[in-house]
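Good morning, and thank you for making time for this presentation. Please take a moment with the sequence and the structure before I begin.

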Amino acid sequence: MSKHQVWLGRLEQPYPSSSVPAGASGGMETRFTFPLLRSFFQGDTQAWDVQVRDQKIKEATEKARDETFAAEMRHNDKVMCILHDRERRDRKQLCCAINDFQQSFQKPETRREFDLSDPLALKKDLPARVSDCDMRNTISGMQKFMGEDLNFLERKRFQEEQNREWSLQQHREWERAWADHKLAEEHHLQTRLKFDETARDLQKLEGLTRKEVCAAIKEFNKNQIVELAERKRQEKQQEQEDNLAEITNLLHGDLLSENPQQAASSFGPHRVVPDRWKGMSREQLEEIHYVQKQQIQEKLRLQEEERQRIMDWDRRRIQKARASLLQERQQQRLQRELRRALDCSNLSLAREQYLQKKRMDEASSSQPTEDYFSQFNTRSR
């Protein structure tokens with residue numbers, strides 16, 4: 001028997017002596033099997049199907065991960081747009097407040113050196129004698145004599161009107177400051193509500209993303225377990241069917257029946273058919289044993305490849321779990337940074353509100369003192 005004619009023979013236990021016809025030689029105690037003969041002539045379609053399914057699962061996983069990253073990028077862009085709009089609105093409000101303050105409290109007329117560059121200085125200049133209380137009326141001018149107070153009633157009425165105008169102005173300033181305070185509080189409340197809503201949406205989106213990732217991983221692992229169990233079951237069933245068919249064929253064939261006529265050749269009585277001849281030499285038996293050892297080593301190699309494949313799947317599953325954990329930690333860090341930025345913004349707004357309130361309190365607390373009224377009516381008759 002040649003080497004090419006022995007494919008996947010396997011040494012089995014010898015049958016009992018009662019099942020072997022008398023006259024059989026000692027070399028007839030071994031039998032040979034030929035499983036998986038078809039695999040040498042056609043491709044393994046099941047392995048191809050498994051590879052195609054694995055590739056589709058891999059593509060679906062990568063697509064889900066890309067969609068998750070795209071949703072996170074869109075969310076980050078939305079948050080950046082909201083922060084940019086808020087910063088631009090705050091800067092605009094600050095510029096408007098500065099312009100209003102300059103127009104209200106820093107007019108050119110209120111400057112100390114305005115009288116040096118006033119274009120209407122000559123028109124505003126007073127005549128030689130304005131009233132009896134004019135400081136320019138000297139004794140040599142004889143415009144006013146001691147004891148005369150002709151502008152008493154007019155001065156008193158002017159002082160009363162001035163006091164009334166001051167009171168009304170203070171009341172208006174207080175009402176304006178109170179309205180600004182209420183408006184600032186309402187704006188601060190709206191800003192806080194908007195930030196809280198944004199944080200709630202972020203937390204909800206993070207929870208949905210985590211659930212989808214966990215569900216995808218769970219479904220993928222379940223499919224892998226089901227496919228592995230089904231593949232093992234089919235392999236075991238196929239092996240049992242092949243063994244049963246092989247045993248049936250050997251039992252009903254001429255190999256174990258040891259028909260002496262099966263080795264007769266059509267080329268003459270001195271010729272025998274090699275695959276039916278029972279009388280084999282020691283070299284042929286050693287060659288068969290060598291082929292069987294090679295088959296055993298091949299089977300061990302296939303088992304080692306299966307074990308390596310299982311270990312590879314376990315390593316991939318651990319890597320995916322680790323990647324999910326790293327993504328979750330990144331989401332937590334992003335949420336902490338957003339919260340820290342929100343706290344800094346709130347602290348800055350509170351500080352600005354406190355300074356504005358302090359300036360308003362200082363502006364509204366100015367009252368005329370005794371020193372102001374003591375400068376009037378200082379001369380006697």
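I begin in helix α5, where Arg339 and Asp343 both lie, four residues apart, or about one turn of the helix. I should say at once that this is a predicted model. Arg339 and Asp343 form a salt bridge, with the closest N and O atoms 4.0 Å apart. As for their surroundings, Arg339 counts as partly exposed at 44% relative accessibility, and Asp343 is likewise partly exposed, with a relative accessible area of 39%.

Side chains of opposite charge can pair when their charged atoms come close. Helix α5 offers further examples.

Arg316 and Asp312 also both lie in α5, four residues apart, about one turn of the helix. Their side chains meet in a salt bridge of 3.5 Å, N to O. Arg316 has a relative accessible area of 41%, so this residue is partly exposed. The value for Asp312 is 22%, and Asp312 is therefore partly exposed as well; the cut-off for buried is under 20%.

The next pair is Glu298 and Arg301, three residues apart in helix α5, again about one turn of the helix. Here the closest N and O atoms of the salt bridge are 2.1 Å apart. Glu298 is partly exposed, with a relative accessible area of 36%, and Arg301 is partly exposed at 38%.

How many salt bridges does the count come to? It comes to 14. Beyond the pairs just described, Glu206, Arg210 and Glu328 are linked in a network of salt bridges.

I turn now to a residue of α5 outside these pairs. Is Asn346, which lies in helix α5 (residues 282-364), buried or exposed? Its relative accessibility is 13%, so Asn346 counts as buried. Leaving aside residues up to four places away in sequence, Asn346 touches His188 and Arg192.

Let me move to the packing of helices. Two packed helices are described by the angle between their axes and the distance between the axes. Helix α1, residues 45-105, packs with helix α3, residues 152-252, at an angle of about 175°, and their axes are 12 Å apart. That angle makes α1 roughly antiparallel to α3, because angles over 145 degrees are counted in this way. What is the character of the residues in the contact of α1 with α3? They divide into nine nonpolar, ten polar and eight charged.

Helix α1 itself deserves a closer look. Its 61 residues reach 89 Å from the first C-alpha to the last, close to the 90 Å expected at 1.5 Å a residue. Which residues of α1 are buried? They are Val50, Ile57, Thr68, Glu72, His75, Val79 and Arg86.

I take Thr68 as one of these buried residues of α1. Thr68 has a relative accessible area of 16%, and is therefore buried. Its contacts, not counting residues up to four places away in sequence, are with Thr209 and Gln327.

To close, I return to two points. In helix α5, Arg339 pairs with Asp343 in a salt bridge, while Asn346 in α5 is buried. Helix α1, for its part, is roughly antiparallel to α3, and Thr68 is found in α1. Thank you for your attention.

Terms used. Residues numbered from 1 in each chain as written. Predicted model: local features only at pLDDT ≥ 70, side-chain atom pairs only at ≥ 80, totals over all residues. Heavy atoms only, no water. Axes fitted to C-alpha atoms, helices over the stretch in contact; angles between N-to-C directions. Helix = DSSP H or I, 4+ residues; strand = E, 2+ residues; numbered from the N terminus. Parallel < 35°, antiparallel > 145°, perpendicular 65-115°, else oblique. Nonpolar A, V, L, I, M, F, W, Y, C, P; charged D, E, K, R; others polar. Expected span 1.5 Å × (residues − 1). Buried < 20%, exposed > 50% of the residue type's maximum accessible area, 1.4 Å probe, protein only. Contact = heavy atoms within 4.5 Å.
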